[in-house]
Amino acid sequence: MADKTLFQKIADGEIPSDMVYEDELCIAFRDIQPQAPVHILIVPRKPIPSLDDLTKEDQELVGHLFLCAKKIAANEGLHRGYRTVFNCGEEGLQTVPHLHLHLLGGRVLRWPPG
Ligand code: AMP
């Protein structure tokens, strides 16, 4: 069996995290290097490497990640708005090869991003 990804180890409790939400399909925990007052990663339990690896069978799962983002944003009090981001690949600056949706908020987020 392939080695576990960093985020699978977090899901399995082998690496500590500040978990804010979990269900049968995904987990959500605070980013260790927050880029905004609220910075949470929403991660499917299924270890899909990146957005580029999604298939038709993942369609509902991806929708679920966004619905979780909305729920978590409300729990975090992000009533004035927030941003969700999937970084993908080298130029997208993805560093962890396990699909994850960034949820950022708690300050005005600049556009365009860096
Ligand atoms: P990306 O660069 O889009 O792949 O995002 C990976 C994110 O994972 C970065 O924002 C990191 O700060 C975050 N990260 C890496 N290791 C951990 C960890 N052990 N716990 C929480 N967040 C982490």
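Author: A nonpolar core is a set of buried Ala, Val, Leu, Ile, Met, Phe, Trp, Tyr and Cys residues joined through side-chain atoms within 4.5 Å. Buried means under 20% relative accessible area, exposed means over 50%, and partly exposed lies in between, with a 1.4 Å probe and protein chains only. What you see is a predicted model, in which local features need pLDDT of at least 70 and side-chain atom pairs count only at pLDDT 80 or more, while totals for chains, interfaces and linings use all residues. Residues are numbered from 1 along each chain as its sequence is written, and side-chain values use heavy atoms, with hydrogens and water left out.

Reader: Thanks! How many residues does the largest nonpolar core have, and which have the most contacts inside it?

Author: The largest nonpolar core has 18 residues, and I40, I42, L65 and I72 have the most contacts inside it. Strand 2, strand 3, helix 2 and strand 5 each give two or more residues to this core. Helix 2 supplies the largest share, 6 residues. There is also a second, separate core of 7 residues, with F7, I10, I27 and F29 among them. In soluble globular proteins, nonpolar side chains tend to be buried together.

Reader: What makes something a helix or a strand here?

Author: Both are DSSP runs, numbered from the N terminus: a helix is a run of H or I with at least four residues, and a strand is a run of E with at least two. Helix 2, residues 59–75, has 17 residues.

Reader: How does the reach of helix 2 compare with what is expected?

Author: The expected span is 1.5 Å times one less than the number of residues. For helix 2 that gives 24 Å, and its reach of 25 Å from first C-alpha to last is close to it. Just after helix 2 comes G77, with a positive phi near 75°.

Reader: Which residues of helix 2 are buried, and what do they pack against?

Author: The buried ones are L61, V62, H64, L65, C68, A69, I72 and A73. They pack against strand 1 (19–22), strand 2 (26–30), strand 3 (38–44), strand 4 (82–85) and strand 5 (101–105).

Reader: What does I42 touch beyond its sequence neighbours?

Author: Contact means heavy atoms within 4.5 Å. Leaving out residues up to four places away in sequence, I42 touches C26, I27, A28, L65, C68, A69, I72, L99, H100, L101 and L103.

Reader: Why is I48 called buried?

Author: I48 has a relative accessible area of 5%, under the limit for buried, so it is called buried. I48 sits in the loop between strand 3 and helix 2. Not counting residues up to four places away in sequence, its contacts are D53, L54, D58, L61, P97, H98 and L99. P97 is 49 residues away along the chain, yet the two C-alpha atoms are separated by 7.9 Å.

Reader: And why does L93 count as exposed?

Author: Its relative accessibility is 64%, which is over the limit for exposed, so L93 is exposed. L93 belongs to the loop between strand 4 and strand 5, and its phi near 60° is a positive value in a residue other than glycine.

Reader: What makes S17 partly exposed?

Author: At 31%, S17 falls between the two limits, so it is partly exposed. S17 lies in the loop between helix 1 and strand 1, and, neighbours within four places in sequence aside, it is in contact with I10 and F29.

Reader: What makes an opening a pocket?

Author: On a 1 Å grid over the protein atoms alone, a pocket is an open set of points where a 1.4 Å probe fits, with protein on both sides within 12 Å along at least five of seven lines; lining residues have an atom within 4 Å of a point. Volume is the space filled by probe spheres set on the points, which are joined across faces, edges and corners. The largest pocket has a volume of about 1,000 Å³. Its lining has 33 residues, and Q35, H39, N87, H102 and L104 lie nearest the centre. Helix 1 gives the most to this lining, with 3 residues.

Reader: How is the lining of the largest pocket divided by class?

Author: Ala, Val, Leu, Ile, Met, Phe, Trp, Tyr, Cys and Pro count as nonpolar, Asp, Glu, Lys and Arg as charged, and the others, Gly among them, as polar. By class, this lining has 16 nonpolar, 11 polar and 6 charged residues.
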